[in-house]
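Open the model in your viewer and keep the sequence panel beside it. The tour below says what to select at each stop and what is there.

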Amino acid sequence: MSDRPVLALLLCLAATTAPARAAEEDKSSDDPTKIATKVGITRASDEFSLSGSVAVGPKLKFNARVSESGLWSVGASYLLPIAILTFSAGKCHFDSGVEQTRYSLGGFVPLSQIGLKTGKLQIFVPFGYTYTNGHGPVSDIDQSDGLPIALSSNSGYVGLFLLRPLGPKLTAMAGGNVTKGTHDFSGVALGGGLSYHLTRRDTVGANISYVDNSFGTSQKLRFSYRHEF
């Protein structure tokens, strides 16, 4: 049996995947649509967290994060021609004492993919659906102080995320989104920061974020390092 059909198939696969890999290599490490294997460490709110992504081919990656206090998130991302879709589940807490578990299906749309020319400024539209389930203390005249109560909501969110290179190694970023859901749930999230590329694969960064929703508020200053493989 001739090996030519098999060889032709392998050459065809290489030809179709090589441009996709090259395109991913050209993306900034801060680009939320980049499919890459990487690991990172972050310092925020007097605790450390570890995060990582494992790319499986040019379109799929698995993501995870865990902190010293036990907060966590896991998920997966899949790259489409005009967007990246991400499913995630995780737990966080707010200054009010509320602990929240979130399940989210959403993603990012780079406006350049739909023909918008923005020069060096990269604009992404984050969007999605989230189910949240929270537990926290409630004080009421008819209840004992500190009685735990369950809070849940189905909601949708949309926003903007901006990337702008300030030089060959420095990148600025900013973004925010608004959320509206059932049971009068609503919220806003804002953030911004800078990243400095030590090498093509090593990046340090600093950013600040503010979240205010029906479960409470959270403000964090983060310092991070990540390595891309």
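The stops run from the whole chain to the salt bridges, then to a buried glutamate, a surface patch, a loop and one buried threonine.

**The whole chain**

Begin with everything shown as a cartoon, and bear in mind that this is a predicted model. Colour by secondary structure: there are 1 helix and 12 strands. Going along the sequence, the order is α-β-β-β-β-β-β-β-β-β-β-β-β, so the helix comes before the strands under the assignment used here. Switch to a surface view and about 13500 Å² is exposed, with carbon and sulfur atoms supplying 65% of that area. Of the 229 residues, 31% count as buried. Among contacts between residues at least 6 apart in sequence, 43% join residues at least 24 apart.

**The two salt bridges**

How many salt bridges does the structure hold? The number is 2.

Select Asp30 and Arg226 and show their side chains. They meet in a salt bridge, with 2.3 Å from N to O. Asp30 sits in the loop between α1 (4-26) and β1 (38-44), while Arg226 belongs to strand β12 (residues 216-228), so this pair ties together parts that are 196 residues apart in sequence. Both Asp30 and Arg226 are buried.

Now add Lys34 and Glu228. Their side chains form a salt bridge at 2.8 Å, N to O. Lys34 is in the loop between α1 and β1 and Glu228 is in strand β12, so the pair links parts 194 residues apart in sequence. Are these two buried or exposed? Lys34 is buried because its relative accessible area is 4%, under the 20% cut-off. Glu228 also counts as buried, at 5% relative accessibility.

**Glu47, a buried charge without a salt bridge**

Select Glu47 in strand β2. Glu47 is buried but has no salt bridge. Which side chain of opposite charge is nearest to Glu47, and how far away is it? It is Lys220, at 5.3 Å; a salt bridge needs the nitrogen within 4 Å of a carboxyl oxygen, so this pair does not qualify.

Next, show the backbone of Ser69. Its nitrogen lies 2.9 Å from a polar atom of the Glu47 side chain. To see the rest of the surroundings, select Thr42, Ser67, Glu68, Ser69 and Leu71, which are in contact with Glu47 once neighbours within four places in sequence are left aside.

**The nonpolar patch**

Return to the surface view and select Ile41, Phe48, Leu50, Val66, Trp72, Val74, Tyr196, Leu198 and Tyr225. Together they make a nonpolar surface patch of about 780 Å². Which elements give two or more residues to the patch? They are β2 (47-56) and β4 (72-79).

Centre on Trp72, which is in strand β4. Trp72 is partly exposed because its relative accessible area, 34%, falls between the cut-offs of 20% and 50%.

Move to Ile41, another member of the patch, in strand β1. Ile41 counts as partly exposed at 35% relative accessibility. Draw a distance from the C-alpha of Ile41 to that of Ser224: the two residues are 183 apart in sequence and 5.7 Å apart in space. Not counting residues up to four places away in sequence, Ile41 touches Phe48, Ser49, Leu50, Phe223, Ser224 and Tyr225. Phe48, Leu50 and Tyr225 are also members of the patch.

**The loop between β9 and β10**

Select His183 and Asp184. His183 is in the loop between β9 and β10 (186-197), and Asp184 is placed in that loop too. Check the backbone angles here. Most residues other than glycine have a negative phi. His183, though not a glycine, has a positive phi of about 55 degrees, and Asp184, also not a glycine, has a positive phi of about 60 degrees. Both side chains can be checked on the surface view: His183 is exposed at 65% relative accessible area, and Asp184 is exposed at 69%.

**Thr179**

For the last stop, step back along the chain to Thr179 in strand β9 (residues 170-181). Is Thr179 buried or exposed? Thr179 is buried because its relative accessible area is 18%, under the 20% cut-off. Select what surrounds it: leaving out residues up to four places away in sequence, Thr179 touches Ser155, Gly156, Tyr157, Phe185, Ser186 and Gly187.

How values were computed
Residues numbered from 1 in each chain as written. Predicted model: local features only at pLDDT ≥ 70, side-chain atom pairs only at ≥ 80, totals over all residues. Heavy atoms only, no water. Patch = residues over 30% accessible without salt bridge, like charges linked within 9 Å, V, L, I, M, F, W, Y side chains within 5 Å. Areas by Shrake-Rupley, 256 points an atom, 1.4 Å probe, with all protein chains shown as cover. Helix = DSSP H or I, 4+ residues; strand = E, 2+ residues; numbered from the N terminus. Buried < 20%, exposed > 50% of the residue type's maximum accessible area, 1.4 Å probe, protein only. Contact = heavy atoms within 4.5 Å. Lys, Arg positive; Asp, Glu negative; His and termini not counted. Polar contact = N/O pair within 3.5 Å; in protein donor to acceptor, adjacent residues only side chain to side chain.
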